[in-house]
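Trainee: Could you help me learn to read a structure like this one? I would like to start with the core and then look at how chains touch.

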There are 2 protein chains.
Amino acid sequence: MKLTYGERSAMAVNSVGKALFQLMEEKKTNLCVAVDVTTAEELLRIAAETGPYICLFKTHVDAVENFTESTAKSLLEIAQKEKFIILEDRKFADIGKTVSLQYGGGPMKIVTWADLVTCHSISGENAIIGLKSASKDLPRGCFLVAEMSSEGNLITPSYTKATLEMAEMHPEFVVGLVTQSIMKETSCGLIQLTPGVRISSGSVHSIFATDGLGQRWSSPEDAVLTRGADIVVVGRGITEARYILHILCEKGHVDEAMVKKTEDY
Amino acid sequence: MKLTYGERSAMAVNSVGKALFQLMEEKKTNLCVAVDVTTAEELLRIAAETGPYICLFKTHVDAVENFTESTAKSLLEIAQKEKFIILEDRKFADIGKTVSLQYGGGPMKIVTWADLVTCHSISGENAIIGLKSASKDLPRGCFLVAEMSSEGNLITPSYTKATLEMAEMHPEFVVGLVTQSIMKETSCGLIQLTPGVRISSGSVHSIFATDGLGQRWSSPEDAVLTRGADIVVVGRGITEARYILHILCEKGHVDEAMVKKTEDY
């Protein structure tokens, strides 16, 4: 079955998931930038510079020392101007009541500015229900972590399967899955988000490297063509060598991979 | 083998783990209060009120809207006066590099004020190594989450076993395990911390209840005597009905359970 991202948008249940598919189609990009910086200024600079080329902007604001409401406001303005969606990669991993407090409150008030968040399935489906209850009537959703890229991680195939089932049970809030390999049984309305991707300045083929803390990387092409990614998360590959992003987008490698992906359906 | 908490202190590798065992022995308490509040004022009030009766003060500061450096400073002063250890229940659940940034930086600078944090083993041992690298020369440590109490959680016996192995591999930073059942193979230098405990105003026997978001509770006696807890985490049971804490401590139920526990060794 061949389905474009636009067609899959109609199959998504969550409104942010629908919007994300539409952005991917309109902007012809399946790039997500992972922003691992420690100041609000860097965060906003990267948002403005990468904004035109990305569909998704992934943050870890609890590592940003001077993150305030004003930072969130500026980020939302850039997101509206450049048309991208904001994903706070919080990896919620507590019981339902606790994640609802962490999501809705605290110094960062994530629910007020992040369209999407990431959530581990480890504590059970009540984490999703807790997040949803804290989001009230805002258009919000989450990616569930179905697989991880780090060395020695404890996720098993049965854990992944249970996570997919949880996603299918809650399409009103779960927009997709954080994955490392193709999920053939997943509904076409769910989005596969693949981190651990690095844009090499040399070969466009698979590369593997580590950061000395067990993180493993592969290439965008490998992620999309072999591992079924709808969106590739490129972190240090963009922020440490931004020029590569421009070259890649201009040369259309990622667009080409996206087209190949849609032909596979 | 009979071992007192004092004797187990000598078997702990991490300095905060040692200090925690010593506090339990000196203050004759294995109570940890879980503080799920949303303002700094409430957090500090509970610290001052429960301080004399607890060994460990468990926070979720990312749910505290006006948490600042000044809150942390006040909390540290209370901790020093009342002699308890601070555990930020952050449940770190990302790759090594990311958790090191989240722990050491951001608006909350957890490493500067929390003696201990909780960490999931899901991403592999590099999460521990990442936390340790961010703690530099400070006396710091973590509890690894080996089991959860929430309904439908995805932790399996083999996941728990792998977590125990990870703890035994890193006793220089891991002070213990978050558990729901007795871990017979665990080194006596590691501490079992058991959440999901509620002090009933009626019976002191097992009670089971839920919060509508899948959390299940049992009694302190059940946690210590049946499930092998060294420290019981009492959350809403204390903060919603504080008088029970006082009654319980005065009547010595928890002390009694602690004595029975130490006799079991």
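Mentor: Let's take the core and then the contact between chains, keeping in mind that this is a predicted model.

Trainee: Which residues touch the most other members of the largest nonpolar core?

Mentor: In soluble globular proteins, nonpolar side chains tend to be buried together. Here the largest nonpolar core has 160 residues, and A:Leu56 and B:Leu56 touch the most other members.

Trainee: What does A:Leu56 touch, leaving aside residues up to four places away in sequence?

Mentor: Its partners include A:Leu20, A:Val33, A:Phe84, A:Ile85, A:Phe143 and A:Ile231. Try finding them in the view.

Trainee: Now the interface. How much area is buried between chain B and chain A?

Mentor: The size of an interface is often given as the accessible area lost when the parts come together. Between chain B and chain A, about 3,900 Å² is buried, and carbon and sulfur atoms give 62% of that. Each chain's share of the contact is listed too: 50 residues from chain B and 50 residues from chain A.

Trainee: How many salt bridges and polar contacts should I look for between the chains?

Mentor: There are four salt bridges between chain B and chain A. One of them joins the side chains of B:Arg90 and A:Asp62, at 2.6 Å from N to O. The two chains also have 14 residue pairs in polar contact, counting pairs with both residues at pLDDT 80 or more.

Trainee: Which element of chain B gives the most to the side that touches chain A?

Mentor: That is helix 5 of chain B, with five residues. On this side of chain B, the residues divide into 18 nonpolar, 20 polar and 12 charged.

How values were computed
Residues numbered from 1 in each chain as written. Chains lettered and ligands numbered in written order. Predicted model: local features only at pLDDT ≥ 70, side-chain atom pairs only at ≥ 80, totals over all residues. Heavy atoms only, no water. Core = buried A, V, L, I, M, F, W, Y, C linked by side-chain atoms within 4.5 Å. Buried < 20%, exposed > 50% of the residue type's maximum accessible area, 1.4 Å probe, protein only. Contact = heavy atoms within 4.5 Å. Buried area = accessible area lost by both parts, 1.4 Å probe. Polar contact = N/O pair within 3.5 Å; in protein donor to acceptor, adjacent residues only side chain to side chain. Helix = DSSP H or I, 4+ residues; strand = E, 2+ residues; numbered from the N terminus. Nonpolar A, V, L, I, M, F, W, Y, C, P; charged D, E, K, R; others polar.
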